[in-house]
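Here is a short, friendly tour to read with the model open beside you. Shall we begin?

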Amino acid sequence: MSPTETTSSTVVAHVSSTLHARLQVPRRVGGPRQWWDWALAADPGLYNAQAGLSALVSMAVALAAGYGTARALDIPAMLGMAVAGLVGLMSAIAVAENTALRLARSLLGMTIPYAAVLPLTSWLLPHRVLVQSLMVAALALAFFLLRFGSLGLLSGLMMFNALIIGVILHIPLDESGRLSVVAVVTSAAILIARLLLCYPMPREDLLRTQRAFLIEARRVADSAATALAPEADKAVAVKRMRRALDRLNITTLTIDGHLARPEVAADPHMAELLHQYLFDAELALQGIGRSVQQATGTHRYIDVRLREAMVLGLVMVRDTHLGRVNGLHSAADLIRQQAAAAPSAVSPEEAETRALARRVGDLLDALADALGNWLQLGRNASNVRAKVPFQPAVALERNRPAGAGPAARRVAAAQDGQGGRHVLGYLRLPLQVGIAATIVCPFADAINPQRFYWGALGVMVTFIGTATTSERVRKLGHRVTGTVIGGAIGVALLHLIGPGHIYWTLLVITAGVTFGSWGMQRQYAYWVVGLVVGLVQLYGLTAPLSGMEGLLTQRLADNALGMVVATGCAAVIFPVSTRKIVREAHREYISALEQLITQIGQRWQESPAEVRLRGTARRVSAAQYQLRNAERPLIRMSLGVRGRRGENVFALLDTATQHAQALAVAADIDPHLAPHLHPSVERITQVFADSLQAMDQQIATGEPDGTWVRVSPMIHELELALSAHVEARSNRLHIALRQFAALDEVLAGVADYRGLTVTTSIGTATAALAGSAVTDAPNGPHNSQAHAAVAAWAVSTDRGPIPTGRHRAHSAPSWAHEPEDHASWDSGSGPLGADAAANRRPPRHAAPGAGGVGAPGRGENHLVHGHTAAAATHGRPRSHAGSGTVSVSGTLRCPVHPDGCQGWVTVVSGRGERRALVTTIRGNYQVTGLTPGGYTLIASSSMHAPQAEFLLVDGSGDVQRNFTLKPKS
C-alpha cells in the first residue's frame with residue numbers, strides 16, 4: 001500500500017458518509033477503483049477489445065460457415081474454408097461500424113465484388129501475365145474507389161483478394177460459382193453473429209470512455225499525493241503524473257470526437273454541456289498536476305499540516321465514489337484553511353508554497369463541480385440546455401484522434417487546384433499504387449513465382465493509413481519486426497502441434513488474427529505478429545516444415561520490396577510533401593487560435609453570433625496533437641545532432657495551448673462592459689488576429705517579412721480601466737486578460753523563432769477610443785518606457801514557470817496558476833461559469849490571505865518568477881545606479897542533480913538575436929549587461945530537454961531565474 005493510502009481512509013469515509021445527496025452516476029462509471037481498471041485505462045472505450053472480439057467471432061463463424069456450406073454444396077472443405085476465411089479476415093480488420101445498418105451494408109456490400117471476381121480469376125489462371133496485370137489494376141482501382149468512402153476501398157480490396165485467393169488455390173472454373181455462394185453465405189452468417197454477440201452500442205462506449213477518463217484522473221491524483229509524501233521518489237511520481245496527464249488529454253480528445261456522432265449524443269445541446277464539463281475537469285486536473293510539481297520541486301519545505309490536508313484532498317479524488325463527489329469541497333476548504341494558517345513572518349519560498357496549496361484547493365472545487373455535472377449528464381437527460389449546440393472539433397480515425405491525415409488531405413486538395421490539375425485529386429493515389437505494383441510484381445515473381453502477390457501486398461499496406469514518408473517508413477519497420485517475431489512464434493507452434501492436427505491449426509489461426517485485431521490500433525507490429533503466426537500454420541498445410549524459414553524470408557523480402565518501392569513512388573510521383581503537411585498542420589493551429597481570439601471579441605462585445613470558446617480551444621488542442629504527429633521525427637536523435645529549434649518551438653506551443661484553454665474558460669462570461677470599452681476590446685482582438693495572420697503568412701511562404709505586435713500594453717490599460725469593478729464577473733475578467741497577455745507573450749516567442757519582427761504596441765486604449773493611430777515600435781533601448789510599463793505590469797501578475805508535460809516552457813500566468821484570483825471562483829468566476837458556481841456555498845474556512853470571496857487582494861503575496869512580490873522588490877540585488885543594464889542569474893537543477901546541472905543558458909532578444917550564451921558552473925549561471933526589454937531564456941543540457949522562458953527586464957534591479965530541467969524523452 002502506498003504511503004498516502006494509510007493516513008486518511010477513515011477521514012474519507014467520514015466525509016463521504018455525511019453527504020446528503022448522491023448524484024445519479026452509473027456505478028461502472030463513477031464507482032470505486034476496481035482491479036480491471038488498468039485494462040480500461042489502456043483501452044478507453046474498450047475499442048481494441050471489441051475489435052479483438054469481432055475478429056474472434058468473424059473468424060470462427062467464417063470457418064464454420066465455409067466448412068458447412070462446402071459440405072452442403074459438395075466441394076472440397078479446404079476450398080470452402082479458405083474462401084470463407086478471407087471474408088472473415090477482411091470483416092475482422094476492415095469493418096468496424098457502430099450501427100447495425102452500416103454494419104450490414106459493409107459486410108454484405110463487400111461480398112458482391114468478391115463473389116463476382118472469383119469466377120473471372122479461375123477463367124484467367126492459364127494467362128499468368130494477364131492475371132498479374134489485372135491484380136495491379138484491381139489494386140489501383142481500390143484506391144481510386146477510396147474517393148467514395150470506406151466501402152469503396154473495401155470493395156476494391158475484395159476484388160484484389162479474390163485474385164489472390166484464386167492464384168493461391170488454383171480454383172477450378174466449374175467450382176468457382178459454388179465458392180461464390182460460399183462467400184455470400186459466410187458474409188450473412190458473420191453479420192448475424194456480430195449482431196448477436198458484438199452488437200454496436202456507441203452509448204455504452206461513451207460511458208466506458210468516461211470511466212477511462214476517471215481512471216486517468218485518479219492516477220493523476222495518486223501520483224500527486226505520492227509526490228507530496230516526504231519519503232517518496234518525487235521524480236518517479238512526477239513522471240507517472242505526466243504520463244497520466246498525456247493519456248488524459250488523448251482520452252478527452254477521443255470523447256469529444258465521439259460526441260459528434262448522433263448515435264452517441266442525439267441532443268446537440270446536451271452534447272455541448274458534456275463537452276464543457278469535460279473540458280473544465282481536464283483543465284482543473286492539469287492545474288493540480290502543475291501546482292503539485294511546483295510545490296514539491298527543488299526540495300521545497302511544506303508545512304506538515306498543510307501537506308496532510310493536500311494529501312487528504314488528493315486521496316479523496318483517487319478513492320471517493322464520484323456519486324459523492326461533493327465531498328471534495330470540504331477537502332478544498334480544509335486546504336485553504338491550512339494554507340491561511342501561516343505564521344506572521346514567512347520566507348518567500350514558503351509563501352509561494354502556501355499560494356500553490358490554495359490553488360490546489362480552488363482547483364479541487366472546480367474539479368468537483370465539473371465531474372459531478374459531467375457524470376450526471378452522461379446518464380440523465382438534462383433540463384438545462386446549452387446556449388449553442390455542439391459542433392465537432394476533433395476528427396477521429398479508428399476511434400482515436402486523427403494524426404497527420406487531415407492535414408495531408410487539405411494539402412492534396414489545395415495542391416490539386418482547379419481545371420486540369422483537379423483530376424490529380426482522383427488519380428494521384430491510384431497512379432502511385434499502380435506504378436509501384438507494376439515495378440514490384442516482376443521482381444517478386446523472380447523471388448518466388450508461386451507467390452509473386454506478396455510484393456503487391458507490400459504496396460497495398462504501405463498506402464493504407466499513412467500520410468507522410470516518415471509514417472510509411474515507420475510502418476515498414478513495424479512490418480519487418482512483426483514478421484520476424486511472428487515467424488519465430490509461428491514456427492515454434494507449428495513444431496509443437498505437428499502435422500495433421502487441423503483443429504489445433506484452425507485454433508491457432510483464429511487466435512493469431514484475434515490478437516492482431518486487438519493490437520492493431522495500438523501498434524501495427526502487433527497485427528503483423530498475429531497475422532504471421534496464423535499464416536505459418538496455413539503454410540504448414542502445404543509446405544514442408546524444413547523449408548519454412550526460407551519461405552518466410554522470401555515473404556519478408558517481397559513485402560519489404562513492395563513497401564520500399566511504394567514509399568519511393570509516393571515521394572516522387574505527384575508527391576504531397578511532408579514539409580507541406582507539417583506546414584499545413586502549423587497553419588491549422590494558428591487558424592484555431594485566430595478563431596478563438598475572434599470569438600472572444602464577439603463574446604465580450606455581446607455579439608449575437610454563436611460562440612463556443614471551449615469548443616474552439618478544443619480545436620486548438622486537437623490541432624496541436626495533429627501537428628505533433630505530422631512533425632514526429634522518424635528517428636529520435638540527441639539534441640546535439642537534431643538541434644534545439646524544433647524542440648523549443650514545440651515547448652512554446654505546448655504552453656500556448658495551456659493558456660488558450662485557460663483563456664477560453666475565463667473569458668466565457670458576459671462581462672457587460674461599458675460601451676466606451678468596446679473599441680478597446682475590438683482593437684486588442686484585431687491586432688492579435690492580425691499578428692496571427694502575419695505568422696500564418698510566414699508559415700505559408702517561408703519569408704520572414706511579417707510583424708508580430710504585442711498587445712500587452714493595451715491589455716494592461718483595459719485591466720486598469722476595470723480595476724474599479726470588484727464583483728465576481730470583474731475578477732474573472734481580470735484572469736482572462738492576464739491569460740490573454742500570457743498567450744500574446746508566448747506566441748511572440750514563437751514569432752521570434754520564425755524570424756518575424758516583434759514589436760510592442762505603445763498605442764493605448766485611450767488612443768483607440770479617440771480614433772487616433774496606434775504606433776507600433778520595435779523592441780530596443782529607445783522604447784524602454786514601453787518595456788518598463790509592460791515589465792511593471794508583469795511583475796504584478798506573473799506566476800513563474802509552469803513545468804508540465806514533456807516539453808513545458810515559457811513562464812506566464814494561467815487560470816490554473818492564479819492562487820489569489822482563483823479563490824474567487826466560489827462567487828462565480830470558476831471554470832464552470834457564474835451560473836454553476838452561484839448554486840454553491842462559499843468556502844467555510846476562507847480567511848484573509850487565503851483568497852476569499854471578492855476581488856483578489858492586491859496586498860497579498862503575488863508570485864514573481866518563483867518569489868513573492870516583496871522578495872522581488874526587497875530581496876533582489878539591485879543594479880548599479882545609472883548603469884542602465886541588468887544582470888540575470890540563477891541555477892539549473894533537475895531531480896537527479898538537485899545541487900546543479902552542467903549545461904548552458906542562451907539569451908535571445910525580442911528581435912530574435914542571440915545576446916548571450918553562458919555555461920553553468922556547478923549549476924549556477926550569470927548573464928550581465930542586459931538592457932531593459934523582452935528576452936527569451938533557453939536552458940539546455942545534453943541530458944535534458946530544453947526549457948524556454950520569457951523574461952521582461954524593467955531596469956529596476958537584477959533578476960534571478962531558476963530552471964528545473966526535465967530528462968530527455
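## What covers helix 20

Helix 4 (47-73), helix 5 (77-94), helix 19 (469-497) and helix 21 (524-539) are among the elements that cover the buried residues of helix 20. Those buried residues are Thr505, Leu506, Val508, Ile509, Thr510, Gly512, Val513, Thr514, Gly516, Ser517 and Gly519. Please keep in mind as you read that this is a predicted model.

How does the length of helix 20 compare with what 1.5 Å a residue would give? Helix 20 covers residues 502-519, and its 18 residues should span 26 Å. The end C-alpha atoms of helix 20 are 26 Å apart, which agrees.

## The protein as a whole

Stepping back for a moment, the secondary structure of the protein comes to 34 helices and 16 strands. The protein has 969 residues, and 59% of them are buried. Take the contacts between residues at least 6 apart in sequence: 79% of these join residues at least 24 apart.

## Helix 10, an enclosed helix

Helix 10 runs over residues 202-228. At 1.5 Å a residue, its 27 residues should span 39 Å, and the end C-alpha atoms are indeed 39 Å apart. Is helix 10 largely enclosed or largely open? Of its 27 residues, 23 are buried, so helix 10 is largely enclosed by the rest of the structure.

## Helix 23 and its ends

Helix 23 takes in residues 578-604. For its 27 residues, 1.5 Å a residue leads to an expected span of 39 Å; the end C-alpha atoms are 40 Å apart, in agreement with that.

Both ends are worth a look. At the N-terminal end, Ser577 acts as a cap, with a side-chain oxygen 3.1 Å from the backbone nitrogen of Arg579. After helix 23 comes Glu606, which has a positive phi, near 55 degrees.

Before helix 23, Ile573 sits in the loop that links helix 22 (548-572) to helix 23. Ile573 counts as buried, at 16% relative accessibility. Setting aside residues up to four places away in sequence, Ile573 touches Gln432 and Ile435. Ile573 and Ile435 are 138 residues apart along the chain, yet their C-alpha atoms are separated by 9.1 Å.

## Helix 23 against helix 27

Two packed helices are described by the angle between their axes and the distance between the axes. Helix 23 and helix 27 (residues 678-701) pack at about 175 degrees, and their axes are 9 Å apart. An angle over 145 degrees counts as roughly antiparallel, and helix 23 and helix 27 are therefore roughly antiparallel to each other.

Which residues make the contact? Helix 23 brings Arg583, His586, Arg587, Ile590, Leu593, Glu594, Ile597, Gly601 and Trp604. Helix 27 brings His678, Val681, Thr685, Phe688, Ala689, Leu692, Gln693, Met695, Asp696, Ile699 and Ala700. Sorted by class, this contact of helix 23 with helix 27 has eleven nonpolar, five polar and four charged residues.

## Two buried glutamines

Gln661 is a residue of helix 26 (residues 645-667). With a relative accessible area of 3%, Gln661 is buried. Apart from neighbours within four places in sequence, Gln661 is in contact with Phe279, Leu283, Gln286, Ala617, Arg618 and Ser621.

Gln624 belongs to helix 24 (residues 613-630). Gln624 is buried too, with a relative accessible area of 11%. Leaving out neighbours within four places in sequence, its contacts are with Tyr589, Leu653, Asp654 and Thr657.

## Loops with positive phi

Most residues other than glycine have a negative phi. Asp74 has a positive phi, near 60 degrees, and is a residue other than glycine. Asp74 lies in the loop between helix 4 and helix 5. Is Asp74 buried or exposed? With a relative accessible area of 65%, Asp74 is exposed.

His170 is not a glycine either, and its phi is positive at about 50 degrees. The loop between helix 8 (150-169) and helix 9 (173-197) holds His170. At 55% relative accessibility, His170 counts as exposed.

## Ala77 in helix 5

Ala77 is part of helix 5. Beyond its neighbours within four places in sequence, Ala77 is in contact with Tyr67 and Ala70. Ala77 and Gly66 are eleven residues apart in sequence, and their C-alpha atoms are 7.5 Å apart in space.

Key:
Residues are numbered from 1 along each chain as its sequence is written. This is a predicted model: local features need pLDDT of at least 70, side-chain atom pairs count only at pLDDT 80 or more; totals for chains, interfaces and linings use all residues. Side-chain values use heavy atoms; hydrogens and water are left out. Helices (H or I, at least four residues) and strands (E, at least two) are DSSP runs, numbered from the N terminus. The expected span of a helix is 1.5 Å times one less than its number of residues. A polar contact is a pair of N or O atoms within 3.5 Å; within protein, one must be able to donate a hydrogen and the other to accept it, and residues adjacent in sequence count only if both atoms are side-chain atoms. Axes are lines fitted to C-alpha atoms, for helices over the stretch in contact, and angles run from 0 to 180 degrees between N-to-C directions. Angles under 35 degrees count as roughly parallel, over 145 as roughly antiparallel, 65 to 115 as roughly perpendicular and the rest as oblique. Contact means heavy atoms within 4.5 Å. Ala, Val, Leu, Ile, Met, Phe, Trp, Tyr, Cys and Pro count as nonpolar, Asp, Glu, Lys and Arg as charged, and the others, Gly among them, as polar. Buried means under 20% relative accessible area, exposed over 50%, partly exposed in between (1.4 Å probe, protein chains only).
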